[in-house]
Amino acid sequence: IAIHTVKILRGTATFEDDSISPAVKTGLYDLTGTVKGLSSKQIARADVDLSGKIDKVAPLKIAGTINPLTEEAFSDLTIRFDNVDLTTATPYTGKYVGYPIRKGKLFLDLVYKVSEKQVEAENKVAVDQLTFGDKTDSPDALSLPVLLAVALLKDRNGRIDIDLPIRGNLKDPDFKYGKVVLSTLGNLLTKIAASPFTLIGKLVPGGGDAEELQHLTFEPGSADIPPAEMKKLDALTKGLEERPGLRLEITGTADPARDRRAVALQRFQEVVRNRWRQENKGTSETDLPPEVEGRMIVQLFEQWRKDQPQALQPPDAKLLTTEEMKRTLVESIKVDDDVLRALARTRAEQVQARMVGDGKLPDERVFLTDVDLTASDHDKVQSRLNITA
């Protein structure tokens with residue numbers, strides 16, 4: 001069989017799905033073009049050049065080569081859709097995604113190759129200004145983190161770009177192309193939503209990996225952000241600027257052991273410095289000579305020892321080293337939970353100020369959550385970060 005040319009003029013195909021409410025109606029209009037060189041010869045290739053419109057507005061272009069008349073059908077086609085209105089699919093998204101589409105345009109750049117029943121497809125999907133409505137109560141809605149995934153994918157211009165490569169064998173009875181596409185897309189959205197910091201890190205050159213970006217490390221007893229953590233915050237800020245639909249939650253933390261010990265040491269050192277100032281008539285010196293500090297530790301220890309009940313009397317100062325006396329004095333200083341809570345809160349506020357200062361991020365995109373006073377798994381104290389939509 002050989003067919004020189006098939007010409008199509010203003011062809012129309014309509015699609016209507018009454019199995020869903022409201023019914024979905026769409027169509028292909030003004031399909032025009034040619035298929036040249038159809039033949040049953042195994043090596044023959046027919047050239048395809050077709051164009052049309054989806055719903056009378058969105059341009060469609062199909063070009064490439066096919067050979068449908070042979071036992072092992074062959075195709076190598078490029079298919080392009082531009083400006084397809086996504087609101088047509090609202091009944092589907094409301095039922096299966098859980099949210100209706102209020103606005104959005106779809107762009108598809110597809111390359112489909114079929115040879116010897118092997119399918120290779122490259123699906124480049126772009127969505128512009130995708131906006132969902134209020135959540136529906138559909139029992140068929142999939143449990144996908146749709147809003148977070150969309151916010152992670154949507155850039156500052158409101159555009160989403162996705163690559164969905166598909167591979168399969170048409171001889172496999174379990175291979176269903178539509179099912180594979182949906183499964184691949186669902187896995188992609190789930191993966192992105194499960195590790196949002198991975199995507200944020202990739203948006204900024206040298207932005208760091210997900211594990212680094214989820215935490216900010218502080219020295220025990222300090223609310224100052226270390227320089228290395230400043231760089232991490234700057235990378236996070238730039239990443240969030242590229243994804244305006246995302247929000248950041250900051251949980252200030254305090255370690256009940258390390259921070260308590262560090263704050264007690266700070267208080268002890270302040271006592272020693274004040275004693276030094278008094279002896280030197282208000283000197284501004286803060287670095288005490290070692291011998292002077294040692295003498296003051298002995299004096300403070302003896303004073304503290306005399307105030308202890310007889311049953312709790314520690315050993316005489318002569319029996320202890322200066323370091324042992326210092327450790328005993330520091331351990332005697334009580335640091336209650338309110339102090340730790342204030343430290344944790346200050347850490348979170350420092351991070352927030354760094355991210356929203358100088359017009360970097362709007363205040364409404366950076367939230368403080370309740371503090372955590374149980375962080376005790378690391379040598380340093382880690383305040384947690386979380387990304388939401």
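Which residue is the bridge partner of R80 in β6? It is D109. The points below go through the sheets, helices and ring contacts in turn.

1. Basis. This is a predicted model: local features need pLDDT of at least 70, side-chain atom pairs count only at pLDDT 80 or more, and totals for chains, interfaces and linings use all residues. Residues are numbered from 1 along each chain as its sequence is written, and side-chain values use heavy atoms, with hydrogens and water left out.

2. The eight-stranded sheet. Eight strands form an open sheet, in the order β1-β2-β3-β4-β5-β6-β7-β8. The pairing is antiparallel. Two strands pair if DSSP finds at least two bridges between them. Strands (E, at least two residues) and helices (H or I, at least four) are DSSP runs, numbered from the N terminus.

3. Edges and twist of that sheet. β1 (2–17) and β8 (159–169) stand at the edges. Each has a single partner strand, so one side of each is left without a neighbour in the sheet. Neighbouring strands are turned by 15° against each other on average, direction ignored. Axes are lines fitted to C-alpha atoms, for helices over the stretch in contact, and angles run from 0 to 180 degrees between N-to-C directions.

4. Inside that sheet. Strand β5 (residues 74–85) runs antiparallel to β6, and nine bridges join them. R80 and D109 are bridge partners, with D109 in β6. Helix α3 (residues 177–194) lies across β6, β7 and β8. Helix α3 runs at about 135° to β8. Contact here means heavy atoms within 4.5 Å.

5. The four-stranded sheet. Four strands form an open sheet in the order β9-β12-β10-β11, with mixed pairing. Its edge strands are β9 (215–218) and β11 (366–368), each paired on one side only. Neighbouring strands are turned by 25° on average, direction ignored.

6. Inside the four-stranded sheet. β10 (residues 247–251) and β12 (residues 381–388) pair in the antiparallel sense over five bridges. E249 has N386 in β12 as its bridge partner. Helix α10 (residues 337–356) lies across β9, β10, β11 and β12, running at about 170° to β11.

7. Helices α7 and α8. Helix α7 (residues 258–279) packs on α8 at an angle of about 110°, with the axes 11 Å apart. That makes α7 roughly perpendicular to α8 (angles of 65 to 115 degrees; under 35 is roughly parallel, over 145 roughly antiparallel, the rest oblique). The α7 side of the contact includes F268, V271 and W276. Residues met in α8 include V292, M296 and L300.

8. Aromatic pairs. The structure holds two. Rings of Phe, Tyr and Trp (its six-membered ring) pair if their centres lie within 6.5 Å; planes under 30 degrees apart count as stacked, over 60 as edge-to-face and the rest as tilted. Y99 and F132 form a tilted pair, 5.9 Å centre to centre with 50° between the planes. Y99 lies in the loop between α1 (90–97) and β6 (101–115) and F132 in β7 (residues 118–132), so the pair ties together parts 33 residues apart in sequence. Y99 and F132 are both buried.

9. The pair in α8. The ring centres of F301 and W304 lie 5.8 Å apart, with planes at 45°, so this pair is tilted. Both residues lie in α8 (residues 290–306), three residues apart, about one turn of the helix. F301 is buried, at 0% relative accessible area. W304 counts as partly exposed, at 21%. Buried means under 20% relative accessible area, exposed over 50%, partly exposed in between (1.4 Å probe, protein chains only).

10. Charges over rings. The charged end of R45 sits over the ring of F74, 3.9 Å from its centre. The charged end of K56 sits over the ring of Y29, 5.1 Å from its centre. The cut-offs are NZ of Lys or CZ of Arg within 6 Å of the ring centre and within 35 degrees of the ring normal.
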